[in-house]
Amino acid sequence: MSVTSNRPKYLLISGSLVMVCLALTACTGGSSTLKVNRADGQGSKVVQHEADQDGQSTNQSAQDSKAKRQQSAQEMAEQLKAKKAEQLDISSRAPKRKSNAPIYVNLAPLVLDDKMRQAEKSKGAVEQQIRSEFNADPIIKLIEENRGSSDKGDLRAGFSIADVEVVPKVSIKDVYVLQPKTGKPGKMVAVVFEATITSEVPPVTSTVSETGHVLENVEVSKRFVTQIKEVILEKIGPGIPAH
């Protein structure tokens, strides 16, 4: 009596079922996982197929989402830039301050390097010297940026009326200069005053510096403040809107 094996036919049928399932998944879209029981006794085989309705891979969708986020961030940055430009345009067309009107300046706390802190005879002396030069000016008015106002419940806390902001720093450096007697280069211990001056309207950012012998720091500080005043009064002042 002969026995006919059904193994080849079983494998053929299983393979056909796999092809039908894959075809149905491709038509309906979405992702699916097919688990096929193998008839060779070697366990099961998992076939995973992922596709969207257009037949594109999920990796493409992730790339599209990233591109949309980048486009959204770029559009937001452009909107902010346009809004700022509009505000500047409105401010530029606003009436300007009179030549004798005050200019309010926020003088940030002075920054000293380690050498200057050690050389300063009394704490705060250099900053006080700089402030005293401004206090004598009839146009420039130094303001306090609401220091401690938040503790007192001041509703103006965080609001600045300053037209200009000045950020100064002082350091001691070794510099090489020509000796007046010999005409040869020589090293000198110098005090270096630097400041960044900014204003929003008109939009200006300027830097100034003054260098001199460390023992002449008072004279150097006076020349330094004179430079700052020139920027404020001549370069920024005419474009400041009327208060």
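**Exercise 1. Which residues are buried in helix 4?** Work from the predicted model, and then describe how the buried positions are arranged and what they pack against.

*Solution.*
Step 1: Go through helix 4, which covers residues 125-135, and pick out the buried positions. They are Val 126, Ile 130, Arg 131, Glu 133 and Phe 134.

Step 2: Look down the axis of helix 4. The buried residues fall within an arc of 155°, so they line one face of the helix.

Step 3: Recall a rule for helices in general. An α-helix has 3.6 residues a turn, so residues three or four places apart point the same way.

Step 4: List the packing partners. The buried residues of helix 4 pack against strand 3 (103-107), helix 3 (114-119), strand 5, strand 6 (164-178), strand 7 (185-199) and helix 5.

**Exercise 2. Find the partner of Arg 131 in a salt bridge, and say how buried or exposed each of the two residues is.**

*Solution.*
Step 1: The partner is Glu 127, with 3.8 Å between the closest N and O atoms. That pair passes because the cut-off is 4 Å.

Step 2: Place both residues. Arg 131 and Glu 127 sit in helix 4, 4 residues apart, which is about one turn of the helix.

Step 3: Compare the relative accessible areas with the limit. Buried means under 20%, so Arg 131 at 13% is buried, while Glu 127 at 23% is partly exposed.

**Exercise 3. Where in the chain do the salt bridges of Lys 229 and Arg 223 lead?**

*Solution.*
Step 1: Start with the total, which is 4 salt bridges in the structure.

Step 2: Take Lys 229. Its side chain meets that of Asp 137 in a salt bridge, at 3.8 Å from N to O. This pair links distant parts of the chain, with Lys 229 in helix 5 (residues 217-236) and Asp 137 in the loop between helix 4 and strand 5 (140-142), 92 residues apart. Both Lys 229 and Asp 137 are buried.

Step 3: Take Arg 223, which forms a salt bridge with Glu 210; the closest N and O atoms are 3.0 Å apart. Here Arg 223 in helix 5 is linked to Glu 210 in strand 8 (residues 204-213), 13 residues away.

Step 4: Check the accessibility of this second pair. Arg 223 is partly exposed at 38%, whereas Glu 210 counts as buried at 16%.

**Exercise 4. Which members of the largest nonpolar core touch the most other members?** Then trace the elements that supply this core.

*Solution.*
Step 1: The core has 30 residues, and those touching the most other members are Ile 130, Val 164, Val 166, Ile 197, Ile 228 and Ile 232.

Step 2: Strand 3, helix 4, strand 6, strand 7, strand 8 and helix 5 each give at least two residues to the core. Helix 5 provides the largest share, 7 residues.

Step 3: Zoom in on Val 164. Leaving out residues up to four places away in sequence, Val 164 touches residues including Ile 103, Val 105, Ile 197, Ile 232 and Ile 240.

**Exercise 5. How many helices and strands does the chain have, and in what order do they come?**

*Solution.*
Step 1: Count 5 helices and 8 strands.

Step 2: Read from the N terminus to get α-β-β-α-β-β-α-α-β-β-β-β-α.

Step 3: Add the wider picture. Among contacts with a separation of 6 or more, 56% join residues 24 or more positions apart. Of the 243 residues, 27% count as buried. The accessible surface is about 17,200 Å², and 53% of that belongs to carbon and sulfur atoms.

How values were computed
Residues numbered from 1 in each chain as written. Predicted model: local features only at pLDDT ≥ 70, side-chain atom pairs only at ≥ 80, totals over all residues. Heavy atoms only, no water. Buried < 20%, exposed > 50% of the residue type's maximum accessible area, 1.4 Å probe, protein only. Contact = heavy atoms within 4.5 Å. Areas by Shrake-Rupley, 256 points an atom, 1.4 Å probe, with all protein chains shown as cover. Arc of directions from axis to C-beta. Core = buried A, V, L, I, M, F, W, Y, C linked by side-chain atoms within 4.5 Å.
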